[in-house]
Amino acid sequence: MANDITSTPEHFYQDAAKYWSKVPATVNGMLGGLGSVSTTDIQGSKTLLKQLLNSKFPPGRSYALDCGAGIGRITKFLLSELFDQVDMVEQNAAFLETAELYLGQSLMERKVGVMFPVGLQHFAPEPKKYDVIWVQWVLGHLTDDDFVKFFVNCQIGLRPNGVIVAKENITSTDDVDVDATDSSVTRPLGVLKKLFDQAGLDCDRLVKQHNFPKGLYAVYMFVLKPKIDVPHATETLKSVDGVSD
């Protein structure tokens, strides 16, 4: 990926922030005009999450983290229903302000913990705080190096039996698709797997989201668990270029 827009990280992040600053703080805005897929998306996610919570060695149900939270769609309809508390990470502070209204006073008081107005490239969770870290439709806004660093940091934030779930669009080829409009990339399956591996994560389960409209990217959910030898965030991160070694 050395020759795409992620080779200039500063402009890559600035352009994305500029794009999202103009997006309406609505479900339709968060989903790029495809608000109609929200219910199907949540159903698929909830099915997987319930399976994990009822597995032989399940994560706890105390605390979840919603990464790239937007106005709180996933917090509202998924995580708050299954966990005692949910923290939210979202770089656009205006979206978090809207989230307080969207989620409502009762849910905010009962379920929502900390709202972090910061990009994932700058975020590191509190150690051993979260049972599940949910990351959806936001990884395309991270460079490869920051992608790996983010997931290294996430492992530090997991409680015993904790898992990370990443839900992302996948290209149908081995090429990385670049979207200059919102300053993002969509990676192929092989690149994502390689980046997860580089971050010290095993893909415990890979589940495809079904019943989305035709013509959209395929969407997969990755259930990620730390390997025995977890790398440290301070280690030098090797960049990944495509799917080749």
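**Exercise 1.** Leaving aside its neighbours within four places in sequence, which residues is H141 in contact with? Then place H141 in the chain and decide whether H141 is buried or exposed.

*Solution.* The model is a predicted one.
- Step 1: beyond those neighbours, the contacts of H141 are F12, Y13, A16, W20, D182, S183 and S184.
- Step 2: the side chains of H141 and W20 also make a polar contact, at 3.1 Å.
- Step 3: H141 sits in the loop between β4 and α7 (144-156).
- Step 4: buried means under 20% relative accessible area. The value for H141 is 14%, so H141 is buried.

**Exercise 2.** Check the span of helix α3 (residues 38-53) against its number of residues, and say what covers its buried residues.

*Solution.*
- Step 1: α3 has 16 residues, and at 1.5 Å a residue it should span 22 Å.
- Step 2: the C-alpha atoms at its ends are 22 Å apart, which agrees.
- Step 3: S38, D41, I42, G44, S45, K46, L48, L49, L52 and L53 are the buried residues of α3.
- Step 4: their cover includes the helices α2 (27-30) and α4 (73-82), together with β4 (130-136), β5 (158-170), β8 (201-208) and β9 (218-226).

**Exercise 3.** Which residues of helix α8 (residues 189-198) are buried, and why are they on the same side of α8?

*Solution.*
- Step 1: the buried residues in α8 are V191, L192, L195 and F196.
- Step 2: they cover an arc of only 135° around the axis, so they lie on the same side of α8.
- Step 3: an α-helix has 3.6 residues a turn, so residues three or four places apart point the same way.
- Step 4: the buried residues of α8 pack against α7, β5, β8 and β9.
- Step 5: just after α8 comes G200, with a positive phi of about 85°.

Definitions and conventions:
Residues are numbered from 1 along each chain as its sequence is written. This is a predicted model: local features need pLDDT of at least 70, side-chain atom pairs count only at pLDDT 80 or more; totals for chains, interfaces and linings use all residues. Side-chain values use heavy atoms; hydrogens and water are left out. Helices (H or I, at least four residues) and strands (E, at least two) are DSSP runs, numbered from the N terminus. The expected span of a helix is 1.5 Å times one less than its number of residues. Buried means under 20% relative accessible area, exposed over 50%, partly exposed in between (1.4 Å probe, protein chains only). Contact means heavy atoms within 4.5 Å. A polar contact is a pair of N or O atoms within 3.5 Å; within protein, one must be able to donate a hydrogen and the other to accept it, and residues adjacent in sequence count only if both atoms are side-chain atoms. The arc is that of the directions from the helix axis to the C-beta atoms.
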